[in-house]
Every structure is written in C-alpha cells, then in structure tokens.
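Student: I would like to learn how to read a fold from its coordinates, going from the overall layout down to a single side chain. Could you take me through one case step by step?

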Amino acid sequence: MRRALSLLAIGCAGLAAGCGGDADSDEEEIRRVVRDFATAVAAGNGERACRQLTGTGQRELVEAVTAAFPDPGDVGCEEAVGELSNDMAPERKTALLNPKVRDVEIVSDSAEVRLAGLGRPVRLSREDGNWQVAGSDVAG
C-alpha cells in the first residue's frame, strides 16, 4: 500500500496561470524551488515542503496519505510530508537530499524539471508571479 502511495504521493492536478518573466531568472527560481522541495520532503520538513506546493498540490498530498496509511488521524500537509519521509527508501532519501537537476523545460507559466533518479518530471506552475510545485513523484 505504501508503494502505491509513493506513486500517488504528490501527483497534483492542473497548472495555474500567472505572470511572465525572464527565462534565465525563471530557470534559476525553478531549480531552487525543486531542490528545496526535494530536500524538504526527504528530510521530513513539512513546513518547508508545503510552502513549495500549490494549494491543490497540498490537498492532493494529504488525500494520498490519508488513503494509503492506516488510521493516519487528522493529517495536514506538514504531517503528510513527515509520513512520506518516514516511509521513503533510504537510497531515495539520500538521492533527494542532494538532488541533481537534469533538464528544465519552461512553457509560459508551467514548467517540467527532470531530476536524476525520478521517472516522471516535477511539474511546476507560476502562481502570483512565483513558481510552485504542482505535481511530483519525489516520494516514489
């Protein structure tokens, strides 16, 4: 069941529209957000990880943890990240604590980032001028 959660962990839907920006500074911000998110999830730092997620991403993360873990109780985004980190394979955790960005693709107000060791790209959207994670399988 926990492996199923890993696949669903942060599979967030929808990309939101936002403001335009400079491609170089966008790529730098996107890289920073993805690295911060990956390391926060691996470290179990729910506060930091949840700041990087869109609102939809936070809700879907909580729903995935609630569905996958037996009797998780009243779980918010921060607690859900803690559950994911506690359940993460040690080699995955080690890789995410030092994430290696392989490719960044930006199209308007959405982006995809490929990290070494992840099968699917991390999806981001720009909301209110800031890039946030809209979907990822980093917990997988």
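The dialogue below goes through the layout, the sheet, a helix and one residue.

Tutor: Keep in mind from the start that this is a predicted model. A sensible first step is to list the secondary structure elements, and here the protein has six helices and four strands.

Student: In what pattern do the helices and strands follow along the sequence?

Tutor: Read along the sequence, the pattern is α-α-α-α-α-α-β-β-β-β. As for the chain as a whole, 46% of the 140 residues are buried, and among contacts with a separation of 6 or more, 60% are between residues 24 or more positions apart.

Student: How should I read the sheet, and what is the order of its strands?

Tutor: One starts from the pairing of strands and then assembles the order. Strand 1 (residues 101–107) and strand 2 (residues 110–115) run antiparallel and are joined by six bridges, with V101 standing opposite L115 in strand 2. Strand 2 in turn pairs with strand 3 (residues 122–127) in the antiparallel sense, over four bridges, and S110 has S125 in strand 3 as its bridge partner. The result is an open sheet of four strands in the order 1-2-3-4, with antiparallel pairing. Strand 1 and strand 4 (130–135) stand at the edges with a single partner strand each, so one side of each has no neighbour in the sheet. From one strand to the next, the twist averages 25°.

Student: Which residues in the turns have a positive phi?

Tutor: Backbone torsions are worth checking wherever a chain reverses. In the hairpin of strand 1 and strand 2, which has two residues between the strands, S108 in the turn has a positive phi of about 60°. The hairpin of strand 2 and strand 3 has six residues between its strands, and there G117 takes a positive phi near 90°.

Student: Turning to helices, why do residues three or four places apart point the same way?

Tutor: An α-helix has 3.6 residues a turn, so positions three or four places apart point the same way. Helix 4 (residues 55–68) is the case to look at: its 14 residues reach 20 Å from the first C-alpha to the last, close to the 20 Å expected at 1.5 Å a residue. Its buried residues are G57, L61, V62, A64, V65 and A68. Seen down the axis of helix 4, these buried residues fall within an arc of 160°, so they line one face of the helix. On the other side of helix 4, R59, E63 and A67 are exposed.

Student: Finally, how do I read a single residue such as S85, and is it buried or exposed?

Tutor: Accessibility comes before contacts in such a reading. S85, which lies in helix 5 (residues 77–87), has 4% relative accessibility and therefore counts as buried, the cut-off being under 20%. Leaving aside neighbours within four places in sequence, S85 is in contact with V41, A42, A43, G44 and K93. V41 is 44 residues away from S85 in sequence, yet their C-alpha atoms are 6.0 Å apart in space. The side chain of S85 also reaches the backbone nitrogen of G44 at 3.3 Å.

Methods
Residues numbered from 1 in each chain as written. Predicted model: local features only at pLDDT ≥ 70, side-chain atom pairs only at ≥ 80, totals over all residues. Heavy atoms only, no water. Pairing = 2+ DSSP bridges. Axes fitted to C-alpha atoms, helices over the stretch in contact; angles between N-to-C directions. Expected span 1.5 Å × (residues − 1). Buried < 20%, exposed > 50% of the residue type's maximum accessible area, 1.4 Å probe, protein only. Arc of directions from axis to C-beta. Contact = heavy atoms within 4.5 Å. Polar contact = N/O pair within 3.5 Å; in protein donor to acceptor, adjacent residues only side chain to side chain.
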